[in-house]
Structure formats: C-alpha cells, structure tokens
Amino acid sequence: MYLPESSVTKVRIIYKILKVRQQITGNNMLTRFVTRKPFLLQSATLKHSPKWNYCYSTKIEYKPIRSVLVANRGEIAVRVFRACTELGIKSVAIYSKEDRAHIHRLKADESYLVGEGLPPVQAYLNIPQIIKICKDNGIDAVHPGYGFLSERPDFAQAVIDEGIRFIGPSPKVVHQMGDKVAAREAAIAAGVPIVPGTDGPITTKEEAKEFCIKHGLPVIFKAAYGGGGRGMRVVRKIEEVEENFQRASSEAESAFGNGAMFIEKFIERPRHIEVQLLGDKAGNVVHLYERDCSVQRRHQKVVEMAPAPHLDPKVRKQMTDLAVKLARHVGYENAGTVEFLCDEKGNFYFIEVNARLQVEHTVTEEITGIDLVQSQIRIAEGITLPELGISQDKITPNGFAIQCRVTTEDPAKSFQPDTGRIEVFRSGEGMGIRLDGASAFAGAIISPYYDSLLVKVIAHSRDLQSACAKMNRALREFRVRGVKTNIPFLLNVLENQKFLNGSVDTYFIDENPQLFDFAPTRNRAQKLLNYLSQVLVNGPQTPLATSLNPAEIKPHVPEVSEEYLAVSPQQNPSVQPPKGLRSIYKDQGPEAFAKAVRNNKGLLLMDTTFRDAHQSLLATRVRSHDLLKISPFVTHNFSQLYSMENWGGATFDVALRFLHECPWERLEDMRKLIPNIPFQMLLRGANAVGYTNYPDNVVFKFCELAVQTGMDVFRVFDSLNYLPNLIVGMEAAGKAGGIVEAAISYSGDVSDPTKTKYDLKYYLSIADELVRAGTHILAIKDMAGLLKPKAGSLLVCALRDKYPDLPIHIHTHDTSGAGVASMLACAEAGADVVDVAVDSMSGLTSQPSMGAIVASLQGTNLDTGFQLPIISEYSAYWEQTRTLYAPFECTTTMKSGNADVYNNEIPGGQYTNLQFQAYSLVIPEQVSVTFFEDVKKAYAEANKLLGDIIKVTPSSKVVGDLAQFMVQNKLSSQDVLNKAEELSFPKSVVEYLQGHIGQPYGGFPEPLRSKVLRDMPRIEGRPGESLPPLDFNKLAVKLKEDFPNATDRDIMSAALYPQVTNEYLAFADKYGPVDKLDTRIFLVGPKVGEEFEVIIEKGKALGIKTLAVAEDLTENGEREVFFELNGTLRTVLIRDKDAGKEMNIHPKADKANKKQVGAPMPGTVIDIRVKVGEKIEKGTPIVILSAMKMETVVQSPIAGIIKMIDVNMGMKLEAEDLIITVE
C-alpha cells in the first residue's frame, strides 16, 4: 500500500498495527508499507498478549483513507474536518447555495456546491449529487455527521455500492436500528428491557386510538424513521390522541419523509440516559460509559453531562453491559448510542439506538480522552479497537463534563429561532472549556433554513459543580450581538440548585418556570455603534434648530473630591460635602424647612441653571451628560442654595422626545451626586408635567414617585391661576411628603393703575386661598419678566405685611434686561428667595445673573454668602458647555434682551421657542426678522382675543399657537372674529375654549368662543374632576406587551406622554444609552478617524474609533460603517434613507375649487378622522396636523361626501398640500 506524506505519529501507529498482525499471521505486510519520507520507529516491538480477549480477523483488510467528504454542514462538518487534518487526511465539504459563505466550506481542504436549484435542506439530501461529487473527485470515504442523511440506510448503501467507504455502521444496521420496531425486536432478542409499545409502525389515527384504549395513557408518539425530538408528542387525554397523532405524523413526514409513528407507554419522571458505544469490523465492542441527557425541552436535548450523576453503579453496570450486548447482537460497528429511560427506582428501558455520532459525543470524549471521530475514521480504515489501544479495562471516566448548546433562539419568545447577521461575536474560553462551532463569527448570516445551533460549549472539571462553574463563567464571557441566543436561559439552568446537585429528570425545565426569568442582555456597545452609524449615514437623530454645529471642545470641569460618593456619612463623615437646607427638610420635615428659610438672615438664591435657564436659552436641550459632570462641584461649593431648579416642566417631555433619555434617571443621578442641596421642580398643578388634564390619581402618583426619586420642593402653579387645578397639585405634593411651594403666575403690572385686571387685590386674594390650602412657601412666578422693580416692591411688601412668617420666593426672566434690579427690589421689600442663573447662562430670556446679585449684596444685611471666584469657575464651565449646544443657541437670532416684552408679554422660554418656530415656518418670500416681529405683535393681539389671560405653559402655548396661525394665514384680530366659524383653529385654541385647561379669570371671550366651538362640548369646572382614575395595572400590561422590561417609572411616563414614551422606549431598545455619549457626538456624530471614549457606567469605558463609511450601497440600500471598539473591528449596516428615493410631488389644493381642502400649514399627519364615502358637515374635523409640538385640527370648510383622501398617516405635508376632495 502507498500512503501520502503524513505525520510521523500516524506512521508509527500504522507500523505498530501491521507489526501486530505480522506476529499473528506470519503475513509480512510490512513489505508493502511505503512512505515518501524516512521515519523513526520505536525500538520496542508491539507483542500480542493472550490476556486480550478480543477478536483479530486476518480477513480484515487495512485500507488507509486519503480523503473524507462530510455529507453535512455546520459544526459537525468542522469537527470531522479537524479530525481529518490531525490524521493527515484531506477533508472535503459540500455546501448549498445558501451556505456559500458558511465557515464549514472554508475549513475544508476542498469544497463543492451541491443541490443547486433545490431548497436549502433538500440540497444536503441529494444522494445522487453527493455520490457524483465523490466519484468526480476521487473521494475515499464519506462521513454523514448527524441529521440529514446520517440515518438513511439507502445513503449508506449508495456510498458503499460505488466503492466508497461509509464512516458509520453498515447499511443493514442503520436500517435495523432506524426502524423502531426492528430495533425493539433486536432489543428483546438481546435481553434488553423495553417499554410496552406497538409491534410495528402505524400510519392512522384510528390505530393510535386503539392502542391507547388497550394499554392506557399516558403514551408517547415517536417518529418511526427518525429522532431528535421531531414528531414526538406525549398524550395524557384520550380526546387529544387523534389531533396529536396527526400533528406528530405531519412533523415526521416533513423531517424524515415518512409519517409512520411508533407508540410507547410513557414513563413518568424518567431520566434520559444513553450509552456511547464503539465497535470495529472484527466484532469488538466497548462502551465509553453513559451520558445524562435529561435536561430537555419538547424532547430536544438542551444540556448534556457525563457521566450521569448519582447513577447507581449497579444500574450503570447493567445498562452498559446490555448496551454492549445489543451492539454485538446486531453486529454493530463504528460509533453509536443506545438510549434508555431510567425511572426513580432504577428500572431502565430501551428507547432506541442512534446509529451515528451524536451532538453530545463531546462530553464522552472529555471524560474518556478518546477521540470518537478519529476512532470512527480509523475503524472505517480497518483498524481494530485493540490496535487503537482501546480496551474496556483501559476506559475510565475522568471527572465530569457538561455540554451546553448555544442556539440562536429567543427563550423569552418560546425559543423562537432568530435570524440575521451576527454583528459581534466573542466567545468564552479558558481552562477546561472546549468550543465546537462553525457559524459563530462576526459577520456570519444566520439563515432561517437550518438548525439554530450556533456553538457547543463543553466544560470539563473534576466534579459536576466545578464543571458548572467553568461553564457559567464561559457563557458569561460570550458576547453575541445581532441575533438572540439562549445563553440567559442556560445561565439560569447552571445556577439552579437542583441541576448543580445533579438531581434532574426530563421534567426539569417544565417544573422550573423560574428558568425563564432572566434579565436580557443590554448590548450597550453595539447599540451605541448602531446609533452613531445612523447619525453618520442619515444625519442627526434629534431635530437641530439652527445650521450651527456644536463646538469641538471638552469643557473644563473644576476638580473636586468625589470620595463622598464611595463612602456613606457614617463610614467617613469628613469627606462628605457641607450640609445644606435639605438636611433640615429630611430630618425635621417641610414645616421646619420653611421656618429655616424665613429665619435666614441673608437673601437665599435658587439656581435655575439646570432647568429654566437652558430651557430659555437653549430650547431645553441640555443633556444629563453635561449636568452630571458639574454636579460634584456644585455639591461642594453651593450648599447654601435655597434649592436647585433642575426638573419638571418642559425638561420632562423634551428629555424623552428629543434627548432620548429617561427624566427619572436624570433626577436619580443628580440626587446621587448632589445629596445636600434641595431640588425643586415645576409642577403644572392638575397638568403635572404635561400639557393637558390627567385623572387626579395620575398627579398624586407622579408626585409620590418624584419624592421617592429625589425631589424635594414642588413649585406648584396653574397656567390660568385656576385655584381648583392648583390645589390638586398642592395636595398631591403634600401627600407625597414634598415641600409645597404654591406659585401665583404674574401678569399685568401692579404698579400701573391703568391695568386693572391683575391688580394687587387680585394677587392678595389668591395668596389667601393658597395659604388657606396649606402652602409651605409662597412664590410669585413671573414667566414673562413683567415684574418691574417698583411693582415687585409693591407686591412683596403687601404680601409680607399680610404674612410676616410666610417665606416668599420670586421668580422672573430677564427678557427686558431689568431682572437684576427687580430681584434686588424684591429682596429689599422682604422676599426670602430670588431666582438666578449662573452668569454665562443668565440674561436675555433666562434668569438674572447670579454673580451680579451676589456682588450687589456683598457687605449688606442681605449678603448671600457666595464667593465670586467660585461663581466664576461655575460660569466658566457653562460658558464652554453652552458652545456644544450651538444648534439650539438663542443668540443665533436673539442678540439682546428686549423691553417689548412689556407689550407682548411672551414668557421667557416661549420667547425663544417661538422665535425658532417662526423661523422654521417662515414663507420664502418673507424676511425672517420681519416675520418674527409679526409673530410678537400677533401674540399681543391673540392674548387680547383670548381675554387677556395668564400666560404660562400650557396657556401660553394656546396664545402662541394662535399668534402663529394668524401670521401664517395673514389674519388680523378682526379677521379672526369675522371668520371664526369657518377657520380651522389650532387644536390647543379649540381645547382651551372648551375648558380643557380650566376656567380663565374673567371668563372666556365672547362671541369668539361660541363662534369657534359652535356645537362642540364644553367643560364646566375643573377638567380633571370628571376624569375616571387611570388604571395603572392595565397600562402596565399594555406597555409591557411591547416593552417587557418597562419599569414603574416608564409606566408613569406613559401615563403622562403615552406616544412619546413608546417612542423613547423603542429608541432606547434600539440604540442603547445614548445619554452617555459626549454632546457633540450625540448631536452630529463623530468624524471619520476620530477616537473617543464612552463611559457607560462606573469603571466601564468603551474606546471607539470611527474608521470609515462605505460609499457603495448594498443590494438592500445599506451602507456599512466601520468602527474600532476597544481595539476590535466592528461593522454596522445602516439603510440609507435617501438612497434611491423616488421623487413624489404631492398635489396642491386648488384655491379656486372649494371642494378641495388643503393643509393650512406645514406639518405631519398624526390622525385622519374621516373615510372615503363618509358624509360630513361644515366644520367636521378631517385630519390633525402636527408641527413643532403644535397640533392643528383641520376642519372641512363645506358640507358634503368625502370623494378622495390624498394623505396617509405620518405623511409630511407642505402648506396647501391637498388633503381631501369633497363632493
């Protein structure tokens, strides 16, 4: 015989084999043993020992195998290829078209396409093509692997008939063992105990029912010509027999091409134990001990272990002896497994023989040290077990091994297979861990066509517990992104005490539902890369208000100790920040807090930098990322603040809507970093932090959760000073244990005797009601900055005279530039607290300058106690940070304050927002500056039209929406009054007139209200009073249907902003913790080639480098974006939204045609209220448009029947785009 060049090891083995045979037969086969290279032989000669009770057949011809084709795919193909490589044998793969990029093709020395034009599975079942590939390429042997053709006797016979060796049992044995009836007969003949069952395969449901009636239930249906759990059903009720038989038979037909079934009596609470066998051509058979495969789901093995724990040695001996006996009885050769069910009493019953290698063969290899695949190949070559050095007395189990099958299945969805592209793959490795896989690598495509097995993880150690510990550690090291895996479920199994003790049976998974309780993987790094890629390919994911880009700067953060975060005050009080007023509140309650405020000698300050200042100057866009950076500095240096306004109001929904971060997490994180300063929030009375009315229990629940998360002071107000609404908020805040600061919203001018609606008497009367309602502190909320110094002095003096012991807090905006003077006047008149913003975030529509007020009062009896150098450091940080928010910078269009606020009375934050909105809605031929001037004038007119109302969110929004509507449609006040019955007013205006936000002081304007509302319903009294309580449990169930991990905080957010919260949760699920990104990168993305760091939590940082964005699109219109993450290459595919976009011009409404209704303004269609063919009246709402947070109800100007609807939900419209045609 002639061997190819091979390893010295193999040559030595063959030499030993031939030497043994020479000694036995005298046949000098060594003369025909030739190699291409010289080799060294051991001096010792292998001699035959009579103690070996094995057969040696002189008729067995040794024929070396030079090449092996594996008629399979995936990890088993790679497993065989590796064995071939170690033996110096050429490996050959076949692959379907769908597997052309699969790694098993690349691992082989040669590979050939099979089954072209056939379905994916059928390609691997095409026996003629596989045989042809073997013959065309001179293949010596075929290994079937497991599954596919591995248990098809016709395949084994076809291989042998062509003179090719089949690495497995003979076709006769494959047929006999694959036939459940024949296998049972063989078992009976060999004296192996069996479970009562049908004498042969059955094909009809009538036969199945007859057996069940005769032998009783429960029974188990099994596919007569296949295994692996397919076609298997347990039936416990007679009425379920026929349906389950049909389902099982159909499944078997699909999997194995034959729907015949075998029925057995079902053994309750069994262990599934199988014995691994090896037999050679000389009739030698050994067992390699047993495996416990009891951990199953739907009869499919999930975790296997060897040897079977706690198996009685006597039972083990009986079981293995009978398995060997059965194998000898049928003339079994090569590798195979005899499977048993073992009950609690130690009785065991034959199930079947798997005449092939099994998935879980790995654990046997680990405990015995015998390579089963190499043994299969050598046996196929004609080498006997003794010649391989394998004898029963030498096979001893060493330790314990377990195998976990990591699959691309989602255990949270009943193990539904997942498909897609593996974006990230990192395996667990180390001592005692073995990995067998083929499809597990970054970039691999997991298709829906084949088995979901990703990789087999095998752990080997001295005992079961330590093997489990190794497996647990290895699985935790895995990182698989892009597809779901069952790893969380496997980890739960490995931590189950019953499993760790080895006390499992086939009911283990069914009886331990807690195995399905697991926290999903967060996948933060890859999600962040997806977000960055989305920004790089499709632009900013939050709307930018201007064309300016964020500055490329890292703001300097003044250094302070953060040791206080690591230790509690009890552990080390010396490192704790100075105590502030919060300690009085927490130790003694709200009343003591209010008393301490009133008894304070100097003027107290509230810092609005963290909320109202950036709401006014930067469109509320400042992110938690930048707030938290400076928080430790504030903690150490501003402990004497009355409070920090840092939450509530517009910051709540903007955080969710535009910043994609959780406002509750922001509050919690700020509280951790600033434990000593009271926090203050803005509570819109019965509107909570929303723009509409809510059931009372929503407001109470909100306040309760806010206090639990870290809020202290609730500045409660109502946008109309409507006391019923305001008092609801006060009661909710008080019940939650918060400090109640009832606020009177200021309008008019108490120093001007000609302005009589909101005079001194008006404010004093409201103050009386608020004091009577139990407020701890009284606030004057001057949202528009209308409180002039003289007016402030008059108002505060009057309040102080009436309530000498009540703390008074003044809030204003510096829009006119007189803010500092007004606050100083209020302080001199007896105010205890005034609002300020740090210098670089003050002025314009923000609050007065902190530094200016501090400096003005130094050395006086109102000295604040703050030091200017500290304020300057604080200001320097915000001066730099502000440049990161250039896209929202109000100074883009606002260069200075403006005293015209005394005329238009626009609140500070709204002044900025209106300016941005006005510019975004501007008609091309108009000049921007002129347009905004028109909006400001229209605001004053709109205010008068609505009855000169208090203007605070949401009432200020009503006035602003009406003002923009008037300018957009070129309407004067008189036009509005004259055409009120036919105009489509903004939704907010209609709802205000209906009474949705309460009753205005002086009543609703007439006849405007009647003209606009016509027959629409009106609300009398407090709007929320008539609303039924919100069912939070029902809301939670609904929310968790889409977002299973939604928290109580998310449910609270959804109660306030259902759609916005859904969008936020979907965004967070897709893109991860984007709040951890630096602001510039969050807004506009990184530059190509830029390196940056993202700290996702304390002690965990991601190092990211943007490498490239592909110019070419994939066939799906995607661009590939390349990153380096912590030194490893990562790629992300993102669909380019603009690629291949077809031009689609929407028709315009013909102004001359009254039957066509066009959009009154640009916007997005968020609701369609009519259907084609529907009869409508004049004024019927047809659609709702949304633009820049303003919703407009578009009403039909005529009556008729809807002929055509030209818009869809979500469609973006321009002004005058056609909406409907009426006939």
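Is Phe 489 buried or exposed? I looked it up in this predicted model and found Phe 489 buried, at 0% relative accessibility. I call a residue buried under 20% relative accessible area, exposed over 50% and partly exposed in between, with a 1.4 Å probe and protein chains only.

Conventions. The model is predicted, with local features needing pLDDT of at least 70, side-chain atom pairs counting only at pLDDT 80 or more, and totals for chains, interfaces and linings using all residues. Residues are numbered from 1 along each chain as its sequence is written, and side-chain values use heavy atoms, with hydrogens and water left out. Helices (H or I, at least four residues) and strands (E, at least two) are DSSP runs numbered from the N terminus.

Aromatic pairs. I searched the whole structure and got 38 aromatic pairs. Rings of Phe, Tyr and Trp (its six-membered ring) pair if their centres lie within 6.5 Å; planes under 30 degrees apart are stacked, over 60 edge-to-face, and the rest tilted. Phe 415 and Phe 489 make an edge-to-face pair, with 5.0 Å centre to centre and 90 degrees between the planes. Phe 415 is in the loop between strand 15 (409-410) and strand 16 (416-417), and Phe 489 is in helix 15 (residues 487-494), so this pair ties together parts 74 residues apart in sequence. Phe 415 is also buried, at 6% relative accessible area.

I then took Phe 593 and Tyr 642: the ring centres are 5.8 Å apart and the planes at 45 degrees, so the pair is tilted. Phe 593 belongs to helix 19 (residues 590-599), while Tyr 642 is in the loop between helix 21 (624-637) and strand 24 (643-648), so the parts tied together are 49 residues apart in sequence. Both Phe 593 and Tyr 642 are buried. I also noted one aromatic cluster made of Trp 647, Phe 652, Trp 664, Tyr 691, Phe 702 and Tyr 1057.

Charges over rings. The criterion is NZ of Lys or CZ of Arg within 6 Å of the ring centre and within 35 degrees of the ring normal. Arg 73 has its charged end over the ring of Tyr 450, 4.0 Å from the centre. Arg 1009 sits likewise over the ring of Phe 1004, 4.0 Å from its centre.

Helix 2. I checked the length of helix 2 (residues 74-87): its 14 residues should span 20 Å at 1.5 Å a residue (1.5 Å times one less than the number of residues), and the end C-alpha atoms are 21 Å apart, which agrees. Of the 14 residues, 11 are buried, so helix 2 is largely enclosed by the rest of the structure. Among the buried ones are Ile 76, Val 80, Phe 81 and Leu 87. Gly 88, just after helix 2, has a positive phi of about 75 degrees.

Strand 27. What share of strand 27 (residues 739-745) is buried? I find 7 of the 7 residues buried, so strand 27 is largely enclosed by the rest of the structure. Its two faces are both covered, with Ile 739, Glu 741, Ala 743 and Ser 745 on one side and Val 740, Ala 742 and Ile 744 on the other. Strand 27 pairs with strand 26 (residues 713-716) in the parallel sense over 4 bridges, where pairing requires at least two DSSP bridges. Val 740 is the bridge partner of Phe 714.
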